[in-house]
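Trainee: I am new to this structure. Please take me through one helix pair closely, and then show me what else is there.

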Number of protein chains: 2
Amino acid sequence: MPTTPPPPPVPPAGDPPRTAALLVIGNELLSGKVDDANVVVLARELRGLGVVLRRVVMILDDVAEISREIRELSASHDWLFTSGGVGPTHDDLTTEAAAAAFGLPVAPAPELEELLRAHYKERLTEGHLRMALVPEGATLSRTPSVPWPAIRIRNVWLLPGVPEIFRAKMAVVAASLGAGRPFHSRAVYTKMDEGVLKPLLDAVVASFPDVDVGSYPRWSDPSYKTKLTFDGRDADRVRAAQEAFVATLPEGEPQRVE
Amino acid sequence: MPTTPPPPPVPPAGDPPRTAALLVIGNELLSGKVDDANVVVLARELRGLGVVLRRVVMILDDVAEISREIRELSASHDWLFTSGGVGPTHDDLTTEAAAAAFGLPVAPAPELEELLRAHYKERLTEGHLRMALVPEGATLSRTPSVPWPAIRIRNVWLLPGVPEIFRAKMAVVAASLGAGRPFHSRAVYTKMDEGVLKPLLDAVVASFPDVDVGSYPRWSDPSYKTKLTFDGRDADRVRAAQEAFVATLPEGEPQRVE
């Protein structure tokens, strides 16, 4: 089985950031039985790699709908990640849907069969062997710390939904995608409310169109009322935007900066 | 301001369940700065009302994209809920996007202006007054326990993203949507793994096409390995499916049923 290839080089400064989408699959999430734990994990991992997560879609266990979403999201983003639906039971439809999305058959991967036979030995069932099925031509990647490979077909990573395993796969994803230009984040905390802050925010947004300015009111925190965030890929511009904004605040503000 | 009208009557038994989608808006979620807390809250609320949440979409603060999603999701579901982007600052774009989705102007709601003037008094700013803007023709609903109204335009509820407030609005949503035929859920816990369970699950799925059967492996829980769920709107059929499945388990199983 091929191990993960060396990561691609860091792109030059002018390049637009790479984009990604996440497709989360599972009736248990949309019925509220289970609270998703994977969105924030992937979002943070991609952020650290300089990749913009642009869209998350959460849908039911429906093979036609999963397939349609895989086709559309993989075509419109550099990378698509799926979470869930890769086990051996009747409600695990992601492998089949991903294969159908690209007009490919599903076929057993010999490396996965070997791993399953070694693990289950004489207890091995046909059900277990279903876990060796992948879209034909899929790439299997692993790192020394993650023995079970991550499955990728074209630009689509088929990740398991179980949070412990999803998290473990992030090491493989990071090694494969490689580092991009990182994002820089700064924050300002004030006791002013958004209605009062609005003209000051409008001014900094107008002066720094290349910096993403966010405003987040906080309830039931005595130490501040609104958190302002400044994000971008140019550390100097992010710092300059933060400083320009802080300079417009009245006496006694900000409460703190980060 | 009109208070919430009386809820519609419970639909007859043969009706298909009502459907809903949730559009979650905010750069802070997709960059991993904030972990969403609203999906599971709405999912559980709708489940209790007999409404099927079919799709969740999470996107960035982009007015054109928000508008497009509102148009598409509201057309393809009985109800659409949006979370986030309804404050007064430059990154609050949901009201404008919802109005644009239906070709409506944005206009101040006199009831909201009154509430804002009463709250902020002499501190009131133009920024605060932006919070009175709604798509023209929007309905304002409230219950005695939730003084600030929930805003709805056609079948789209524009809810704030702050988790404490989002949760508080669920009472208004429940009063307005009314009770539907509820879903019934049962569960079976076993120490068998999914590969071994697969043929037993296939059998119960084939016999009970009207019952939704789910299989969820658990890691690092010594009391069971796989949880099986049985869901449907006919309580007798759900119980029958659970019993039929349990009858096929080997000696020593299940660990427990719910």
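**A helix pair in chain B**

Mentor: Start with helix α8 (residues 194-207) of chain B and helix α9 (residues 235-247) of chain B. In this predicted model, they pack at an angle of about 150 degrees, and their axes lie 10 Å apart. Angles over 145 degrees count as roughly antiparallel. So α8(B) and α9(B) are roughly antiparallel to each other. Their crossing is right-handed. Which residues make the contact? From α8(B) come L200(B), V204(B) and S207(B). From α9(B) come A241(B), A244(B) and F245(B). By class, five of the contact residues are nonpolar and one is polar. None is charged.

Now turn to the sheet. It is open and has twelve strands, with mixed pairing. Its order is β6(A)-β7(A)-β8(A)-β3(A)-β1(A)-β2(A)-β2(B)-β1(B)-β3(B)-β8(B)-β7(B)-β6(B). The edges are β6 (139-143) of chain A and β6 (139-143) of chain B. Each has a single partner strand, so one side of each is left without a neighbour in the sheet. Neighbouring strands are turned by 25 degrees against each other on average, direction ignored.

Look next at where the chains join within the sheet. Strand β2 (residues 51-59) of chain A and strand β2 (residues 51-59) of chain B run antiparallel, joined by five bridges. In β2(B), R55(B) is the bridge partner of I59(A).

A helix packs on the sheet in chain A: α2 (residues 39-48). This helix touches β1 (18-25), β2 and β3 (79-83) of chain A. Its direction makes about 165 degrees with that of β2(A). In chain B, helix α2 (residues 39-48) lies across β1 (18-25), β2 and β3 (79-83) of that chain, at about 165 degrees to β2(B).

Terms used
Residues numbered from 1 in each chain as written. Chains lettered and ligands numbered in written order. Predicted model: local features only at pLDDT ≥ 70, side-chain atom pairs only at ≥ 80, totals over all residues. Pairing = 2+ DSSP bridges. Helix = DSSP H or I, 4+ residues; strand = E, 2+ residues; numbered from the N terminus. Axes fitted to C-alpha atoms, helices over the stretch in contact; angles between N-to-C directions. Contact = placed C-beta atoms within 7 Å. Parallel < 35°, antiparallel > 145°, perpendicular 65-115°, else oblique. Left-handed = near helix turned anticlockwise from the far one by under 90°. Nonpolar A, V, L, I, M, F, W, Y, C, P; charged D, E, K, R; others polar.
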